[in-house]
Structure formats: C-alpha cells, structure tokens
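Thanks, everyone. Let me put the model up, and then we go through the domains and the ligand.

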Amino acid sequence: MPAPGELVFDAPARGKPPVHLADLDASERRSAVAALGLPEFRADQVSRHWFGRLEDDPATWTDLSPADREAIAPLLPHLLTPVQTLTCDDGATVKTLWRLHDGSRVESVLMGYRDRITMCVSSQAGCGMNCPFCATGQAGLTRNLSTAEIVEQVLAGARLVRSGAFPGDRERVSNVVFMGMGEPLANYRALMGAIHRLVEPVPEGLGMSARGITVSTVGLVPRIRELAGEGLPLRLAVSLHAPDDELRDTLVPINTRYPVAEVLDAAWDYAERTGRRVSIEYALIKDVNDQRWRAELLAKRLRGHLVHVNLIPLNPTPGSQWTASRPEDERAFVRALEEAHVPVTVRDTRGREIDGACGQLAAAAP
Ligand code: SAH
C-alpha cells in the first residue's frame, strides 16, 4: 500500500486511474520527475511538448535522450482509448466514445463553428443525479474522472484540430463546456484541477481563456458559491428545466435538496461576484414543461438579472415517452421570455444524428 499522498504510478485497482503529468502542477511535476531519477528541469521540457506543442509521442522529443524518454513513460500512462468515433455536419461535429483504464466509458464531442471550436467533455463516468430525461442519468454513477482524464479529452480534441483533420481554418480549441457525462460540481476537486490545467499558460497548462469555459450544473448550491470564490471568470450554466419546485422535483431530483429559489439565489450571487452572465438551460419537453404559464413564471423569476436562457429541444432518449415541444409551443415560450425582456436563444441541435449531447452513445454501445 502506498503511503497517503504518495504518487502511484503502477496500474491501480479498478476505479482509480494512474497518476498522469496532467494531474500535477509545476512543483508536483518536478518531484515526480525526480522520483523517476531524472533532473527536475525535464518536467518543464516534457510539459512544453505535452501542453505547448501537443506532441504526445515521446519518440519525437529529440531534446531528451532516448533513455530519458523511456524513463519518463510512467508519468504518461495511456488514459483514454477511443472505442468509436462518429462524425456529422460535414465533419464539423466529432463525437468520441472513450474507454478508460478500468473499462468505464465516457464521451466527448468536438464542435466547430464559424467563430469558435468547442470541446464538450465528461466529468464523471455516468452520473448520480438521476434526471429522468437524460440518458446518462439512467445508468447511474460509475466513478469520478481524474483531472488528467478530463484534461486529456480536451487535448485529444486540440490534437485533432492541430493535425489539420478538422474542417475550418481555426487552429485551436477555444471553448470547453462541461456538458458531457456527469455532474461537474459533484467532482469538484478534479474539475478545478482540470480548469487550472486548461487556463494556466504553457508549460503548466494549455493557456486557454477562463471566459471560454462553461461549467454546467444541476444546481449544487454550496458548490456554486464555492466556484464563485475561485476568482476565475468561468461561465456558469444552470440546468433549470422548470421554474416551479413541483415539476423540477421530478425532472431534476436534487431539487428536493436545493429548490429553485436557492439555486437562483446562488446563480445571482455567482453573476455578481464574477461579472458573468449566467446561462439557464431549459430542455423543452412536450406538454411537460413548455406551457405558456411556465414560460411566464420563468420570466418572472429571471427578469432583471444578468442571465441568458438557452432553450434546448429535448433530445429523446430510447424508451422514453417524452419528446421535444411542438414548434408553435416553442415559439410561444420564446415570445413570453422576449416580452419580459429576458434574453433567450434556442440552442442548435448539433450532433443529434449521432446522439450528440446526452450520453446516448455510451448507453447504446456494446
Ligand atoms: N450534469 C450537468 C452537465 C451535464 S448535462 C448538468 O445537468 O447541467 C448537459 C446539459 O444537457 C444539461 O443542461 C442537461 O439537462 C441537458 N440534457 C440532458 N439530457 C438531455 C436531453 N435528453 N435532451 C436535451 N438536453 C438534455
């Protein structure tokens, strides 16, 4: 048994992934490199290859001797193995199903737009929040991802873009959204580790802008407040889906612990402390949450705040009786918000043909 706090490089028991360079900050990397018998400055060189040049094959690192390249290998365990890759939108949407070291599966989606490239990542294998309209929620929680397992999803997308195999003339992944599998705020430490890796400049990290990173949550109130205190201008998205507790208790079961009023209070506190507009996610479900009176109640609760509503036509999960709203009900819902001067957009349904956003590939794969 390793002592508490000791780094474990060997294949661990099911569940805990091996420690990877991307799990560690600069000083931890120096110690890890020294523990492998190498001079500490190698940590900086390796990090520049990994995060700066996105080179994941040590054989190309000619500023290290072959012996040192071999010695560093335990710090670069293979964390993600692609099981299946699906493409649509003329190649501008690429969804990958990954197998983790213990056989768990997660998915990520790379989406190219005219003005940005967005990587949608998973923060957990499965999810414990049990929202009945979400495919991931149906399978339950397998385990938390490690910081490196999250960062490596982004790096995989960044390498694909860098390789030129992704359409468009943008050269970098500019945005990351935590809207894949899992509840990011239920895996807070690994989430913050990953965010630090994404925003810190090379060689420590990827040097992305925190403003381009969105953390999407069911509304874990204490964690929203903690996130507001991190001093990072991250975008917060709250998956509301209903303006009243009676319905939200059934759509987002954690609402029985953190009801709508408390979630919105925490959201306004977040907006105030970070200066960032909060996104309210609302999946429109036919005859469930799309009534005119609910749109008016939603508008009433949001009016006057630094907020933007993202309406998402429900992506039906296999076997569910629920489906997306009728076009006329969707239009009426939008109009009610607009009349109350609440900014609203209907999200495009990117990747729907490949079960884009909602855990359906992992659920369907053998
Ligand atoms: N657990 C986090 C992040 C993952 S889900 C959260 O709940 O916010 C990302 C977004 O996709 C959430 O807004 C979620 O409610 C939404 N979503 C899940 N299943 C969906 C479906 N079948 N159709 C449309 N949106 C869905």
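Contacts between the domains, to begin: 15 residues of domain 1 touch 15 residues of domain 2, where contact means heavy atoms within 4.5 Å. The bounds are 21–67 for domain 1 and 81–364 for domain 2; they come from an automatic or database domain assignment. This is a predicted model, so a word on the rules: local features need pLDDT of at least 70, side-chain atom pairs count only at pLDDT 80 or more, and totals for chains, interfaces and linings use all residues. Numbering runs from 1 along each chain as its sequence is written, and side-chain values use heavy atoms, with hydrogens and water left out.

Over C-alpha atoms, the centres of domain 1 and domain 2 are 33 Å apart. Together the two domains bury about 1,300 Å², with 58% of it on carbon and sulfur atoms. That is the accessible area (1.4 Å probe) that two parts lose on being put together, summed over both. Which three residues supply the most on the domain 1 side? Ala 22, Phe 51 and Leu 54, with 44% of the area that domain 1 buries against domain 2.

Now polar pairing. Between domain 1 and domain 2 there is 1 salt bridge, meaning a side-chain nitrogen of Lys or Arg within 4 Å of a carboxyl oxygen of Asp or Glu. Asp 56 and Arg 159 form a salt bridge through their side chains, at 3.6 Å, N to O.

On to the ligand. 18 residues surround the ligand, each with a heavy atom within 4 Å of it. Nearest are Gly 182, Ser 216, Ser 239, His 241 and Asn 315. A polar side-chain atom of Ser 216 sits 2.7 Å from a ligand oxygen. Backbone N or O atoms also approach ligand nitrogen: one from Phe 133 at 3.0 Å, and one from Gly 182 at 3.0 Å.

How much of the ligand does the protein bury? 95% of the 530 Å² that the ligand exposes when taken alone, by the Shrake-Rupley method with a 1.4 Å probe.

Terms used: A polar contact is a pair of N or O atoms within 3.5 Å; within protein, one must be able to donate a hydrogen and the other to accept it, and residues adjacent in sequence count only if both atoms are side-chain atoms.
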